[in-house]
Amino acid sequence: MTNREIAARLTITERSAESHIERICARMGFRSRSQIAAWYSALVPDGAGS
């Protein structure tokens, strides 16, 4: 999802969504959104979180 899509889904600003993504990367030691997606996919079977 893009920052805009995340923001719309969570009813927050696009900048807030961007900040959340940045904090997740920093705290988890990830360097990209794709690493977050891979980690999340491993935790949530069959796209149950979609």
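Colleague: Leaving aside neighbours within four places in sequence, which residues is Phe30 in contact with?
Modeller: This is a predicted model, and contact here means heavy atoms within 4.5 Å. With neighbours within four places in sequence left aside, the contacts of Phe30 are Cys25, Gln35, Ile36 and Trp39.

Colleague: Which residues make up the largest nonpolar core?
Modeller: In soluble globular proteins, nonpolar side chains tend to be buried together. Here the largest such core has seven residues, Phe30 among them. Two of the contacts named for Phe30, Cys25 and Ile36, are also in the core. The full list is Ile6, Ala7, Ala17, Ile21, Cys25, Phe30 and Ile36.

Colleague: Which element gives the most to this core?
Modeller: The elements that supply two or more of the core residues are α1 (3-10) and α2 (14-28). Three residues come from the element that gives the most, and that element is α2.

Colleague: At what angle do α1 and α2 pack, and what is that arrangement called?
Modeller: The two helix axes lie 8 Å apart, and the angle is about 110 degrees. Angles of 65 to 115 degrees count as roughly perpendicular. The arrangement of α1 and α2 is therefore roughly perpendicular.

Colleague: How do the residues of the contact of α1 with α2 divide into nonpolar, polar and charged?
Modeller: From α1 come Asn3, Arg4, Ile6 and Ala7, and they meet Glu14, Ala17, Glu18 and Ile21 of α2. These residues divide into four nonpolar, one polar and three charged.

Colleague: Is Asn3 buried or exposed?
Modeller: Asn3 lies in helix α1. Apart from neighbours within four places in sequence, Asn3 is in contact with Glu14, Ala17, Glu18, Ile21 and Arg33. Its relative accessible area is 16%, and the cut-off for buried is under 20%. Asn3 is therefore buried.

Colleague: How many salt bridges are found in the whole structure, and which residue forms one with Arg4?
Modeller: A search of the whole structure gives three salt bridges. In the one formed by Arg4, the closest N and O atoms are 3.4 Å apart. The pair links distant parts of the chain, 10 residues apart, with Arg4 in helix α1 and its partner in helix α2. That partner is Glu14.

Colleague: Which of the words buried, partly exposed and exposed applies to Arg4, and which to Glu14?
Modeller: Arg4 has a relative accessible area of 58%, and values over 50% count as exposed. Glu14 has 37% relative accessibility, between the cut-offs of 20% and 50%. Arg4 is therefore exposed, and Glu14 is partly exposed.

Colleague: Which residues are joined into one network by salt bridges that share partners?
Modeller: Glu18 and Arg15 meet in a salt bridge at 3.2 Å, N to O. Because they are three residues apart in helix α2, about one helical turn separates them. Arg15 also forms a salt bridge with Glu22, where the closest N and O atoms are 3.9 Å apart. The network joins Arg15, Glu18 and Glu22.

Colleague: What is the phi of Thr11, and where is Thr11 placed?
Modeller: Most residues other than glycine have a negative phi. Thr11 is not a glycine, yet its phi is positive, about 50 degrees. Thr11 counts as exposed, at 71% relative accessibility. Its place is in the loop between α1 and α2.

Key:
Residues are numbered from 1 along each chain as its sequence is written. This is a predicted model: local features need pLDDT of at least 70, side-chain atom pairs count only at pLDDT 80 or more; totals for chains, interfaces and linings use all residues. Side-chain values use heavy atoms; hydrogens and water are left out. A nonpolar core is a set of buried Ala, Val, Leu, Ile, Met, Phe, Trp, Tyr and Cys residues joined through side-chain atoms within 4.5 Å. Buried means under 20% relative accessible area, exposed over 50%, partly exposed in between (1.4 Å probe, protein chains only). Helices (H or I, at least four residues) and strands (E, at least two) are DSSP runs, numbered from the N terminus. A salt bridge is a side-chain nitrogen of Lys or Arg within 4 Å of a carboxyl oxygen of Asp or Glu. Axes are lines fitted to C-alpha atoms, for helices over the stretch in contact, and angles run from 0 to 180 degrees between N-to-C directions. Angles under 35 degrees count as roughly parallel, over 145 as roughly antiparallel, 65 to 115 as roughly perpendicular and the rest as oblique. Ala, Val, Leu, Ile, Met, Phe, Trp, Tyr, Cys and Pro count as nonpolar, Asp, Glu, Lys and Arg as charged, and the others, Gly among them, as polar.
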